[in-house]
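The following exercises practise the reading of a protein model, one step at a time. Please attempt each task before turning to its solution.

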Amino acid sequence: MRLRITFPSITLLRPVEIVAALPNAFTGAAGIPYRTVWALHCAMSDGSFFFEQLDASALVEQERIAFIAPSLGNGYFVNSPLERQADFLQEMFERLREVLPLSRQREDNLVLGISMGAFGALRWAMTNRNFGGAVGISGVFDCTLPPDARIRENRAQRALYATCSGLMRRLLLDGDGHMRDDADIAALAAHSSHPAIALYCGEGDYLSLSQTRHMEQLCRRHGHSVTLSITPGEHDERYWKQVLQDSVSRFFSACSS
C-alpha cells in the first residue's frame, strides 16, 4: 500500500511531500511495527523516484518492510542558508513513528541514499542513534576532493558534475571555504554512534568511485563497521535499481541472523 503524505513541516514552514509504502497486509496504527527504510533521493529528483524508477514497492512486499521517501529538492539534506533540511528529517522521523506502525528498534531502521542522498544518509545516521545502519549508493560525500579525471569520458557524468559541484560547495562550505559543522562527515564520523555502513558504487561511475573509496577509508579510520561493493555499472537508474534490493535485503538479513 502506497501513501502520498503532505507533511506540514514546522521546521521548514512549508508542506513537504512524502511517499510512504507499507505491505498490503498493513491494518492501521494498531498493526505490528514494521522494519523501516528511510530513503533519500538523488539530485533533480524526489521521493517518488524510488517507486516510479526503482520499483521500491516490490521490495516492500518482498521484505515486509515500510519504505519512507521525502521530497526535499537539491539541498543535500543539511542545515544550510537554503533550508534546515537536516532538522526536518528528524522532525519527520519522530512524527511518522507516532502515526504509522514503524519499529522503534535501532536494528529495524535503515537509512539509505543515492548520490546526493547517500551523503544525506551517512550524515543523518552519524548524528542519530536510531539507525542500525546506513547505505550509500553512488555517493558524493566531499566537495573538496578533486574529480576523477576519467569523468571526461562520460558525457552524462561530466554534465552532472558541472551542474551539481558548485551547488554542493555553496551548501556545504561556509564563507571562508571551510566545511560547515553539519556537513562535515569526517568530523561526524569521529564522534558518531557507529552505525553499520554499506557503500555501493559502479566501477564505471567516475563521479562517485573515488568518493566512495575515500569514504570507506574514512569510516575504517574511525572504527566503523563498513563494507564496500564495487560492481559493473554507472551513475544511473539501471545500476541503482539493481543495487537497491540487494542492499536492503542484506541489511535486514544480517540483523535477523
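Helices and strands are runs assigned by DSSP, a helix having at least four residues and a strand at least two, and they are numbered from the N terminus. The model studied here is predicted.

**Exercise 1. Overall form**

Task: State how many helices and strands the protein chain has, and compare its radius of gyration with that of a compact globule.

Solution.
Step 1. The protein chain contains 8 helices and 8 strands.
Step 2. For 257 residues, a compact globule would have a radius of gyration near 18 Å; the protein chain has 17 Å, and the two values therefore agree.
Step 3. Along the principal axes, the C-alpha atoms fill a box of roughly 55 × 40 × 35 Å.
Step 4. Of the 257 residues in the protein chain, 55% are buried.

**Exercise 2. A covered helix**

Task: Determine how many residues of helix 4 are buried.

Solution.
Step 1. A residue is buried if its relative accessible area is under 20%.
Step 2. Helix 4 spans residues 116–126, and 11 of its 11 residues are buried.
Step 3. Among them are the aromatic residues F119 and W124, as well as the charged residue R123.

**Exercise 3. Aromatic pairs**

Task: Classify the pair formed by F49 and W240, and state which parts of the chain the pair ties together.

Solution.
Step 1. A pair of aromatic rings is described by the distance of the centres and the angle of the planes.
Step 2. The structure holds 12 such aromatic pairs.
Step 3. In the pair of F49 and W240, the centres are 6.0 Å apart and the planes stand at 70°; the pair is therefore edge-to-face.
Step 4. F49 belongs to helix 1 (residues 49–52) and W240 to helix 8 (residues 237–256), so the pair ties together parts that are 191 residues apart in sequence.
Step 5. F49 has a relative accessibility of 6% and counts as buried; W240 is also buried, with a relative accessible area of 6%.
Step 6. A further edge-to-face pair is that of F251 and F252, with 5.0 Å from centre to centre and 70° between the planes. Both of these residues are buried.
Step 7. F49 and W240 also take part in one aromatic cluster together with F50, F51 and F67.
Step 8. The ring of F252 has a charged partner: the charged end of R35 sits over it, 4.6 Å from its centre.

**Exercise 4. Two pockets**

Task: Describe the largest pocket and the second largest pocket by volume, and name the helix that gives the most to each lining.

Solution.
Step 1. The largest pocket holds about 410 Å³ of space, and the second largest pocket has a volume of about 250 Å³.
Step 2. The lining of the largest pocket consists of 30 residues, with S115, V140, L160, C164 and L207 nearest its centre.
Step 3. Helix 5 gives the most to this lining of the largest pocket, namely 6 residues. Helix 5 (155–172), helix 7 (209–221) and helix 8 each supply at least two.
Step 4. By character, the lining of the largest pocket comprises 19 nonpolar, 6 polar and 5 charged residues.
Step 5. The second largest pocket is lined by 18 residues, and I197, A198, T227, R250 and F251 lie nearest its centre.
Step 6. Two or more residues of this second lining come from each of strand 6 (133–137), strand 7 (196–202), strand 8 (226–231) and helix 8. Helix 8 gives the most, with 5 residues.
Step 7. The lining of the second largest pocket divides into 11 nonpolar, 6 polar and 1 charged.

**Exercise 5. Residues in loops**

Task: Locate R64, F77 and T144, and decide whether each is buried or partly exposed.

Solution.
Step 1. Most residues other than glycine have a negative phi, and most peptide bonds are trans.
Step 2. R64 is not a glycine, yet its phi is positive, at about 60°. R64 lies in the loop between helix 2 (56–63) and strand 4 (66–70), and with 35% relative accessibility it counts as partly exposed.
Step 3. F77 likewise has a positive phi, near 60°. F77 is in the loop between strand 4 and helix 3 (85–99), and at 0% relative accessibility it counts as buried.
Step 4. T144 is found in the loop between strand 6 and helix 5. Its relative accessible area is 43%, so T144 is partly exposed.
Step 5. T144 and L173 are 29 residues apart along the chain, and their C-alpha atoms are separated by 9.3 Å.

Technical notes:
Residues numbered from 1 in each chain as written. Predicted model: local features only at pLDDT ≥ 70, side-chain atom pairs only at ≥ 80, totals over all residues. Heavy atoms only, no water. Phe/Tyr/Trp six-rings, centres within 6.5 Å; stacked < 30°, edge-to-face > 60°. Buried < 20%, exposed > 50% of the residue type's maximum accessible area, 1.4 Å probe, protein only. Lys NZ or Arg CZ within 6 Å of the ring centre and 35° of its normal. 1 Å grid on protein atoms, 1.4 Å probe; cavity = no way out; pocket = protein on both sides within 12 Å on 5 of 7 lines; lining within 4 Å. Points joined across faces, edges and corners; volume = space filled by probe spheres on them. Rg over C-alpha atoms; globule rule 2.2 N^0.38 Å.
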